[in-house]
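Hi everyone, thanks for coming. I'd like to walk you through the charged pairs in a structure that may be new to you, so please have a look at it with me.

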Amino acid sequence: MEDEEMDKKVQQYLQRKGFRLTELALQEERNRLSTSATSDVALARSDNDPARYHDGYSRLRTWAYSSLDQYKHELLRVLHPVFIHSFMDLVAEGHMQEARSFFHTFREDHEVMHSRDLQMLEGVLSPSHLEEMELARSFRKNKFKIKLCEYSYELLLQYLQKTQARVVLGVINEHITFEVSPGQHSLISDDADVVALIGTSKDLAKQINQKEVHWGLLEDSVEERMEKALAESDKIEAESKDADVEDNKKRNAEGGKQGASLKKAKKDKLVGATGKNVRTETSMVSVAPRVKPELTLPATPVEVEQSILEDLRNRAQLNSVALPSVNFYTFVNTHNGLNCSSISHDGSLVVGGFSDSSVKIWDMSKIGQPAKMSSSQSENGSSQGERISTLDEGKRTYTLFQGHSGPVYSVAFSLFGDFLLSSSSDSTIRLWSTKLNANLVCYKGHNYPVWDVQFSPVGHYFASASHDRTARIWSMDKIQPLRIMAGHLSDVDCVQWHVNCNYIATGSSDKTVRLWDVQTGECIRMFIGHRSMVLSLAMSPDGQYMASGDEDGTIMIWDLSTGRCVSPLLGHSSCVWTLAFSCEGALLASGSADCTVKLWDVASSTKTLKTEDTKGSSANRLRLLKALPTKSTPVYSLRFSRRNLLFASGVLSLNSS
């Protein structure tokens, strides 16, 4: 009697707390214990039967596909994690033949959305492979989060209770957590993170995304100074315009109407082509809040500041009608040796990192000029940096930097182009001087290859991403990292600074993007939604939005303040290797291995999002303005100059179709 009363109390507790799956499991265990010894033996035999995985998944699959169309797309989400863990359980139990048969029978269900994972799991041939393979370990250690509406969740519970599918129930209890939303079912094109790997704690991502993010621009930035300078110039223009109006009236009275009107028309055109354009652009950035820097920022030289302000004054205004001019640098005869490239802010310098551990810089002003042998070539005779003056009979000049002992995977210019960073498979980062043509510092801290390195928007600081699953923040004057960002479940493949230098974003092979506070080293945002490794990142000029591109060709725009995906961009057919926002934030450029550059309309889509605040609507998708195909050149890097000229670079590929 006491046991029965205890069982009732436990059942009432589970019902009160809403633990339906646990209640089902307890009920199932109670039924199993109440059976006879003969049935226990038969049950034990069935537990060891590898066919139970095939039958359990097959019945779940048939039920999901036969469900109402209104809820079918939600219920089908459960199939992928059940398939993955059923296969891995068969392998772990040593049923290799049955595991292979199960894998090949049902892999077509997941080929479209999870082809990369299937290709890797196909190589699992023994239980030891599950321990060695990083993807399998990640699946084992972490849970899938699946979003379902309340009614779909009830349908799934009824199916599990009715069929007593113990294999499926075991997988769901151990490896899946559900996020049940009240009300109507979500659209198929709703949140991209309907199925995601979230980590051991189901509330981890939710807890992280509740932290505050100050996404605005820096106080006393160049943009603010530009606005003040424009305000002063506007006053002067207004005063001169009033004086001109009085002069015109006098001249009109004297009979010079035609000449004065022509002069006034020319002046209005001139003002409209300069001052009005700049005011429109800066107003888009000026709405962003101002924040204080968390790092000690270097002072900007006066002459450099004047140069920046001059570029801002002469910036071309871009929008959905006025698209940028594109300057594309193509590498030829690289013999598959070029791994990465970068372009200076004004397009005057182009650098490439090669598989033979070398770094080469081309000066665009010297392309096509006859090479000159100079005495400076022998002045820097160290093995760290050597000047090569001629190549191909003097048709091409470049500077050769040697120092790495492995392939170079990333290169980046400083804000003014006077310094260059390179990272390599030798786990080091090197700082080079483009003025001295020499290596200045070798930074050691990572334990494995460094995939990416990026200067901060103000220089002096830089961030790196590595195979050791960490990102690190460095200062040029210190050989040890200032901060180590750890938390990704796999390689950190790319890194990008926020415009206010208070945050960095990292993209990883674990299919997530994270935002980190540079002062505390703490993760303050986790963006879940990509279905393959994240290869590229870009920040909007106002600091509110971030773009990320993955291996499958999908681009996602994220709102940093909410952590939500604003809009997925579907258009590329291969890896998105590079992303860049235009200077006023109206356009997004993307470069891909499919040999195209695509331009997307960002401004109009974010405006409609703010006014309508729609969720899951197809109107949120950014509009593709133009696709710029190359003949046969995958796009390695993109960069908007301060005057809004788009620079791009890539390698001529004879194998591309």
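Let's begin with a question: which residue forms a salt bridge with Arg 642? The partner is Asp 311, and the closest N and O atoms of the two are 3.2 Å apart. Please keep in mind throughout that we are looking at a predicted model. Arg 642 sits in the loop between β32 (635–640) and β33 (646–651), while Asp 311 belongs to helix α16 (residues 302–313), so this salt bridge ties together parts that are 331 residues apart in sequence. And are these two buried or exposed? Both Arg 642 and Asp 311 are buried.

Now for another pair that spans a long stretch of sequence. Lys 211 forms a salt bridge with Glu 522, with 2.6 Å between the closest N and O atoms. Here distant parts of the chain are linked, 311 residues apart: Lys 211 is in the loop between α13 (204–208) and β4 (217–218), and Glu 522 is in the loop between β22 (512–517) and β23 (523–528). As for accessibility, Lys 211 counts as partly exposed at 29%. Glu 522 is partly exposed too, with a relative accessible area of 37%.

Next, a local pair. Lys 72 forms a salt bridge with Asp 69, and their closest N and O atoms are 3.3 Å apart. Where do these two residues lie? You'll find both in helix α5 (residues 69–75), three residues apart, which is about one turn of the helix. Lys 72 is partly exposed, with a relative accessible area of 22%. Asp 69, on the other hand, is exposed, because its relative accessible area is 64% and exposed means over 50%.

So how many salt bridges does the structure hold? The total is 14, and the three pairs I have shown you are among them.

Let me finish with the cysteines. How many disulfides are there? The count comes to zero. Two cysteines you might like to find on your screen are Cys 442 and Cys 494. Cys 442 counts as partly exposed, at 24% relative accessibility. Cys 494 counts as buried, because its relative accessibility is 3% and buried means under 20%.

That's my tour, and thanks for listening!

Key. Residues numbered from 1 in each chain as written. Predicted model: local features only at pLDDT ≥ 70, side-chain atom pairs only at ≥ 80, totals over all residues. Heavy atoms only, no water. Salt bridge = Lys/Arg side-chain N within 4 Å of Asp/Glu carboxyl O. Helix = DSSP H or I, 4+ residues; strand = E, 2+ residues; numbered from the N terminus. Buried < 20%, exposed > 50% of the residue type's maximum accessible area, 1.4 Å probe, protein only. Disulfide = S-S within 2.5 Å.
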